[in-house]
Amino acid sequence: MSEEYTLPDLPYAYNALEPYIDEATMKLHHGKHHAAYVAGLNAALKKLEEARAKGDFASVQALSKLAAFHGSGHIMHSIFWEIMCPAAKSKAPSSGALFDALVRDFGSLDAFKKQFSEAAKTVEGSGWAVLAYEPSGKRLLVLQAENHQKLTVQGSVPLLVLDVWEHAYYLLYKSDRAKYIENWWNILNWAEIEKRLIAAQRK
Ligand code: MN
């Protein structure tokens, strides 16, 4: 039997991303929202275990959807915390494996940022913008994810993700999703994103 999923600690303090993301938002986002996805994933898997024990799969469709939603919610938030850092430590790349791949697949770092920002602004409802590595074509893709789990290219590995659910920015930015996206570029842990790319390329 595999172990239950657990909420990972943040790699920095709740106020470390200020002034771009505020402490109150981070506390709610990590301690309530992300925690709820972890609990929801464990609950769905537990109910599937019970269904197998009883041989009663009447709820298998609903439980499968819950596992995908909460499971993707947990994974996406875990990545989101890791690819951010305090603004003082954020340094955009001008060389290296990630920079080279971004230039190859998007033309320039600026062109990538523009496409990613536009993808983030236009996610319909709640969701994410995603920079992913697609292993069969060995290329980077910018994708949108609705909710946490919809619209992916299967098998692609998320490297950089931006949460544009209202819970991610509403306390500080109200309805100004565009301003939140613009400010978020100041708190990216580019070294971590490059590490994720190199790991994805090795698989
Ligand atoms: Mn979120």
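Where does P19 lie in relation to α1? Before selecting it, bear in mind that the model open in the viewer is a predicted one.

**The segment before the first helix**

Select P19, and you will find it in the segment before α1. The peptide bond leading from E18 to P19 is cis, and its omega is near 5 degrees. As background for this stop and for later ones, most peptide bonds are trans, and most residues other than glycine have a negative phi.

**The whole chain**

Zoom out next and colour by secondary structure, which comes to seven helices and three strands. Followed along the sequence, these elements appear in the pattern α-α-α-α-β-β-β-α-α-α. The C-alpha trace spans about 55 × 40 × 30 Å along its principal axes. The radius of gyration is 18 Å, which agrees with the value near 17 Å that a compact globule of 203 residues would have. Switching on a surface gives an accessible area of about 10700 Å², with 52% of it belonging to carbon and sulfur atoms, while 42% of the 203 residues count as buried. If you display contacts between residues at least 6 apart in sequence, 69% of them join residues at least 24 apart.

**Two domains**

Now colour residues 23-86 as domain 1 and residues 88-202 as domain 2, following the domain assignment of the chain. The C-alpha centres of domain 1 and domain 2 lie 22 Å apart, and the contact between them takes 19 residues from domain 1 and 27 residues from domain 2.

**The manganese site**

Centre the view on the manganese ion and show the side chains of H29, H77, D163 and H167, which are its protein donors. The histidines each contribute NE2 and the aspartate contributes OD, at 1.9 to 2.2 Å from the ion. Along the sequence, the donor residues are spaced H-x47-H-x85-D-x3-H. H29 belongs to helix α1 (residues 23-54) and H77 to helix α2 (residues 60-82), so this pair ties together parts that are 48 residues apart in sequence. Both H29 and H77 are buried.

**The hairpin**

Move on to strand β1 (residues 127-134) and strand β2 (residues 139-146), which run antiparallel and are joined by eight bridges. To check the register, pick G127, whose bridge partner in β2 is E146. Then follow β1 to the turn of the hairpin, where four residues stand between the strands and K138 takes a positive phi near 50 degrees.

**Two further positive phi values**

Continue past β2 to N147, which sits in the loop between β2 and β3 (157-163). This residue has a positive phi of about 55 degrees although it is not a glycine. Is N147 buried or partly exposed? With a relative accessible area of 21%, N147 counts as partly exposed, although this value stands close to the cut-off, since buried means under 20%.

The last selection is K174, found in the loop between α5 (170-173) and α6 (177-184). Its phi is near 50 degrees, again a positive value in a residue other than glycine. K174 counts as partly exposed at 49% relative accessibility, which can be set against the limit of over 50% for an exposed residue.

Technical notes:
Residues are numbered from 1 along each chain as its sequence is written. This is a predicted model: local features need pLDDT of at least 70, side-chain atom pairs count only at pLDDT 80 or more; totals for chains, interfaces and linings use all residues. Side-chain values use heavy atoms; hydrogens and water are left out. Donors are N, O and S atoms within 2.8 Å of the metal (3.2 Å for Na, K and Ca); water is not among the atoms, so sites may look incomplete. Helices (H or I, at least four residues) and strands (E, at least two) are DSSP runs, numbered from the N terminus. Buried means under 20% relative accessible area, exposed over 50%, partly exposed in between (1.4 Å probe, protein chains only). Two strands pair if DSSP finds at least two bridges between them. The radius of gyration is taken over C-alpha atoms; the globule rule is 2.2 Å times the number of residues to the power 0.38. Contact means heavy atoms within 4.5 Å. Accessible areas come from the Shrake-Rupley method with a 1.4 Å probe; for residues, only the protein chains shown count as cover. Domain bounds come from an automatic or database domain assignment.
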